[in-house]
Amino acid sequence: MSTDLPSPEPEAAAVSAELTARIRAAIAEAGGALPFHRYLQMVLYEPGLGYYAGGSHKLGAGGDFITAPEISPWFGYCLAREAAPVLKAVGGEVLEPGAGSGRMAADVLTELERQGALPEAYRILEVSPELRDRQRRTLAERVPHLAERVVWVDDLPEAFTGVVLANEVLDAMPVHRFRITEQGPVELGVADTAEGLATVEMGPPGERLAAAIEQARAAAGDLPVGYESEIGLAAVDWVTTLAERLEAGRVVLVDYGFPRHEFYHPQRATGTLMGHYRHHAHADPYLYPGLSDLTAHVDFTAVAEAAHGAGLSVAGFATQAHYLMSLGLAEAAEQVNPVDQRAQLEAAQAMRTLTMPEEMGELFKVLLLDRGELPPPLGLALRDMRGRL
């Protein structure tokens with residue numbers, strides 16, 4: 001376990017200990033090991049105890065990470081510029097899964113109102129009680145006259161028309177993990193050992209996981225013995241369900257990840273799974289279960305294939321930098337008061353974080369998925385990378 005990270009407060013440590021005990025019981029009930037995706041499901045979503053299902057503070061300076069909407073209102077402004085023509089064309093609603101603090105919802109609604117394109121409703125799909133409370137407070141403070149348009153839901157709507165805005169949603173879904181051995185691929189799981197929770201080999205993968213691993217090996221030109229990585233079957237299933245329920249409209253997926261041939265590069269030999277705790281990144285998936293966020297990068301090829309298989313068209317694929325610049329990010333920054341030095345400095349830092357390659361600009365990608373006759377995407381004027389999927 002990492003020793004250079006801050007220790008949790010006693011109350012939080014007790015929650016983590018309770019979740020760990022529950023995980024150990026599940027391991028025993030399963031016969032000695034849990035598939036890794038089942039372990040992730042518990043540490044992230046176990047009711048009342050998991051990272052997203054408990055009450056810990058997740059976003060901002062006092063949390064574990066900061067997302068693009070927390071950096072600048074321009075992010076929501078840009079996504080609203082993408083959504084407005086679609087809403088004018090097909091009507092309907094906006095759906096935002098995993099709405100964080102609610103800042104993006106407030107920023108999107110503000111710009112949609114300015115453009116005369118307010119949705120019939122702004123639906124937020126949020127599993128975290130703590131974040132739902134923050135979202136209500138943020139919206140009441142920032143857009144009190146629009147707060148009544150916001151509706152919280154517990155699952156994807158059975159039928160939906162409009163725009164889906166999903167920022168850093170897919171990376172938070174449980175992943176399967178695998179290792180290449182001399183005998184072939186094996187699925188990885190979690191066991192309860194004398195030293196604590198640990199990764200173990202569980203044997204040959206099931207049929208669906210095995211097929212996905214073979215796709216990864218083919219895209220990479222095979223993978224060396226000892227190679228470990230992730231397969232995002234839950235993300236694929238979620239996108240498939242979303243696609244099946246979208247009657248008309250556009251899905252905007254923003255996340256960090258790669259096309260398949262880059263995701264499973266032979267040099268990326270330990271996978272992409274990372275933990276985030278108190279603004280520290282770490283590689284220990286067993287650090288403070290329930291208190292540490294665990295995420296994996298997104299295989300955008302797999303997501304695009306799933307969406308296409310469910311009837312959506314891939315309308316575009318771009319880096320976050322190119323996408324936001326196409327939507328007027330630079331023009332928005334020019335509106336900052338030129339004599340306000342602090343505002344200018346904050347604007348410059350936000351631009352850098354959102355667009356520079358060493359920050360979020362290149363690692364974060366945007367995938368656009370359409371159903372129906374829609375206006376062409378506004379956010380792909382500079383560079384469309386669909387040929388890389």
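# Reading helix α7 and its surroundings

Mentor: On the other side of α7 from its buried residues, E207 and A218 are exposed. Please keep in mind as we go on that this is a predicted model.

Trainee: Which residues of α7 are buried, then?

Mentor: The buried ones are L209, A212, I213, A216, R217 and A220. Seen down the axis of α7, these buried residues fall within an arc of 145 degrees, so they line one face of the helix.

Trainee: Why would residues three or four places apart in an α-helix point the same way?

Mentor: The general idea is that an α-helix has 3.6 residues a turn, so residues three or four places apart point the same way. In this structure, α7 has 14 residues and reaches 20 Å from its first C-alpha to its last, which is close to the 20 Å expected at 1.5 Å a residue.

Trainee: What do the buried residues of α7 pack against?

Mentor: They pack against two strands, β6 (176–181) and β7 (184–193), and also against β9, α8 (233–245) and α9 (260–263).

Trainee: How should I read a salt bridge inside a helix, and which residue of α7 does E214 meet in one?

Mentor: The side chains of R217 and E214 meet in a salt bridge, at 3.5 Å from N to O, and both residues lie in helix α7, three residues apart, about one turn of the helix. R217 counts as buried because its relative accessibility is 18%, whereas E214, at 41%, counts as partly exposed.

Trainee: Where else do two residues about one turn of a helix apart form such a pair?

Mentor: Look at helix α5 (residues 103–114), where E111 and R114 lie three residues apart; their side chains meet in a salt bridge of 2.7 Å, N to O. Here E111 is buried, with a relative accessible area of 6%, while R114 counts as exposed at 61% relative accessibility.

Trainee: Which salt bridge links distant parts of the chain?

Mentor: The side chains of R177 and E230 meet in a salt bridge of 3.6 Å, N to O, and this pair links distant parts of the chain, with R177 in strand β6 and E230 in strand β9, 53 residues apart. Both R177 and E230 are buried. They also belong to a network of salt bridges that links R177, R179, E201, E228 and E230.

Trainee: How many salt bridges does a search of the whole structure find?

Mentor: Such a search finds 23 salt bridges.

Trainee: Let us turn to the backbone. What sign of phi do most residues other than glycine have?

Mentor: Most residues other than glycine have a negative phi. In this structure, D222 has a positive phi of about 75 degrees although it is not a glycine. D222 is placed in the loop between α7 (207–220) and β9 (228–231), and it counts as partly exposed because its relative accessibility is 40%.

Trainee: Which residue follows α7, and what is its phi?

Mentor: α7 is followed by G221, whose phi is positive, near 75 degrees.

Trainee: And is Y288, another residue to look at, buried or exposed?

Mentor: Y288 is buried, with a relative accessible area of 14%. It is not a glycine, yet it has a positive phi of about 45 degrees, and its place is in the loop between β12 (280–282) and β13 (293–295).

Conventions: Residues numbered from 1 in each chain as written. Predicted model: local features only at pLDDT ≥ 70, side-chain atom pairs only at ≥ 80, totals over all residues. Heavy atoms only, no water. Helix = DSSP H or I, 4+ residues; strand = E, 2+ residues; numbered from the N terminus. Buried < 20%, exposed > 50% of the residue type's maximum accessible area, 1.4 Å probe, protein only. Expected span 1.5 Å × (residues − 1). Arc of directions from axis to C-beta. Contact = heavy atoms within 4.5 Å. Salt bridge = Lys/Arg side-chain N within 4 Å of Asp/Glu carboxyl O.
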